[in-house]
Amino acid sequence: MTDMKYNVLLLGSGGREHALAWKIAQSPMLGEFYALPGNPGINSLAKGIEGKVSDFELIRRTVVEKNIDMVICGPEDPLVGGLRDFLESCPDVREGLLFVGPGKDGARLEGSKDFAKEFMSRHGIPTAAYRTFTAGQKDEALDFLHSLRPPYVVKADGLAAGKGVIISESLDEAKESLEHIFGGQFGSAGSKVVIEEYLDGVEVSFFVLTDGHEYLLLPEAKDYKRIWDGDKGLNTGGMGSVSPVPFCDGEFVEKVRGRIIEPTVKGLEMEGMDYRGFIFFGLMNCGGDPYVIEYNVRMGDPETESVMLRIDSDLLAHMAAAARGNLSAEAIKVSGRAAVTAIIVSGGYPEKYAKGYPVSGLEALTDITVFHAGTAMKDGRLVTSGGRVLALSATGETLPDARDRVYSRVDTVSFEGAFHRSDIALDMINWPAGKR
């Protein structure tokens, strides 16, 4: 296999995809490398193709015209929309195309929170107690809310760009959230609502790459969702991440494997889903016991920016084996070093923010890794184009070392309104004193 070269098409344009591209580009098995649409960082490693990941016909044409051997899908929307099934049904797409990501059936783990909760129930996977309601069952939903203790967790069933989970401290706020979701706040994603009990603990993200039978366990990570220090303020797509996570010792990891990961992979197999790709397990550590908050059917962002820095083996080789359905001969190598990522965001994010501001200072950041999340080129200059603009990542012998490397450089980058949290990793460095 060492002489095998893969022409790769990476789909997506964020920090997660740049981190994947950074890792893929290190593989001796990489042939031609394309990204659709990519971003200025990704396109320094791959040939960018203009377009949208929702344009399945463009993806099909690209696969055929560029003689693509492997498609790696970064974001969830194309997976939930059935991209893999579509490509497999196209007569001009050659048989044997490798695709990293589930078909439409497996993607329901992320595409429908109700399906995911039912799946966990069927396979005895620990998660919060819940019920699902439609708009016609609003009275029953209100009765169920009354039966719970605060805080209250209300979730739109479908994809809502990461904003469909609302945690309310008061019953009145929870009722208001329910009204908004049933009233169309998230469109068709809110046609059903999942209400569940609140799990009190510390969140952690686990990731596997599976061929539908075997799996490789990637480094775990913890992300930081709130906009302000101390986990205050509005939810965001993620303001930073750390890996490893101190409380994920051997005992906890074995609980995650035995209670959650293995029943999930076996459950997919038992239910006839040919799942080949990544599974993200959003977990809550409740007094040393793991519970599933959610599944994602792709890597997380900004966790990927830290996780990729800790994988010492050839990720492209692992992904090819998973997509072929044969992971048994693969062994992942994980670095003992720690990784920290801090996200620099646009002023006003996660609410209204402006775009198009010139970015400066990147040329000086040669001693850490910079992943582009929301940037574009305009008139030959790098400018902001999203809420989360850049991810600054570094490794160190310890979490404090890695954190110091990132924060010693974070103010080198500048653009109008640039903002970052100043406390990423501190809670884990101080663990268990920082335990919440």
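This is a short tour of the structure, stop by stop, with something to select at each one.

Before you start, note that this is a predicted model, in which local features need pLDDT of at least 70 and side-chain atom pairs count only at pLDDT 80 or more, while totals for chains, interfaces and linings use all residues. Residues are numbered from 1 along each chain as its sequence is written, and side-chain values use heavy atoms, with hydrogens and water left out.

**Stop 1: helix H1**

Select residues 15-24, which make up helix H1. Helices (H or I, at least four residues) and strands (E, at least two) are DSSP runs, numbered from the N terminus. Here 9 of the 10 residues are buried, so H1 is largely enclosed by the rest of the structure. Buried means under 20% relative accessible area, exposed means over 50%, and partly exposed is in between (1.4 Å probe, protein chains only). The buried residues include Arg 16, Glu 17 and Lys 23. Now show what surrounds them: the buried residues of H1 pack against strands S1 (6-12), S2 (30-37) and S4 (70-73), as well as H10, helix H11 (315-324) and S19.

**Stop 2: Glu 305 and its surroundings**

Move to helix H10 (residues 303-307) and pick Glu 305. Which side chain of opposite charge is nearest to Glu 305? It is Arg 388, 5.7 Å away, and Glu 305 is buried yet has no salt bridge. For charges, Lys and Arg count as positive and Asp and Glu as negative; His and the chain ends are not counted. A salt bridge is a side-chain nitrogen of Lys or Arg within 4 Å of a carboxyl oxygen of Asp or Glu. Leaving aside residues up to four places away in sequence, Glu 305 touches several residues, among them Gly 15, Arg 16 and Ala 19; contact means heavy atoms within 4.5 Å.

Keep Arg 388 selected and add Asp 301, since their side chains meet in a salt bridge (3.8 Å, N to O). Asp 301 lies in the loop between strand S17 (289-296) and H10 and Arg 388 in strand S22 (residues 388-396), so the pair ties together parts that are 87 residues apart in sequence. Both Asp 301 and Arg 388 are buried.

**Stop 3: an open sheet**

Strand S22 leads to the next view: an open, antiparallel sheet of 5 strands in the order S12-S15-S18-S22-S19. Strands S12 (222-223) and S19 (369-372) stand at the edges with a single partner strand each, so one side of each is left without a neighbour in the sheet. Two strands pair if DSSP finds at least two bridges between them, and 2 bridges join S12 to S15 (residues 240-243). Zoom in there to see Asp 223 opposite Ser 241.

**Stop 4: a hairpin**

Select strands S20 (residues 375-378) and S21 (residues 381-384), which run antiparallel and are joined by 4 bridges. Met 377 stands opposite Leu 382. Between the strands are 2 residues, and Asp 379 takes a positive phi near 55° in this hairpin.

**Stop 5: two more salt bridges**

Show Glu 179 and Lys 138, whose side chains form a salt bridge (3.2 Å, N to O). Glu 179 lies in helix H8 (residues 171-182) and Lys 138 in helix H7 (residues 138-147), so the pair ties together parts that are 41 residues apart in sequence.

Finish in helix H9 (residues 250-270), where Glu 251 and Lys 255 sit 4 residues apart, about one turn of the helix. Their closest N and O atoms are 3.9 Å apart. Glu 251 is exposed, at 56% relative accessibility, whereas Lys 255 is buried, at 18%.
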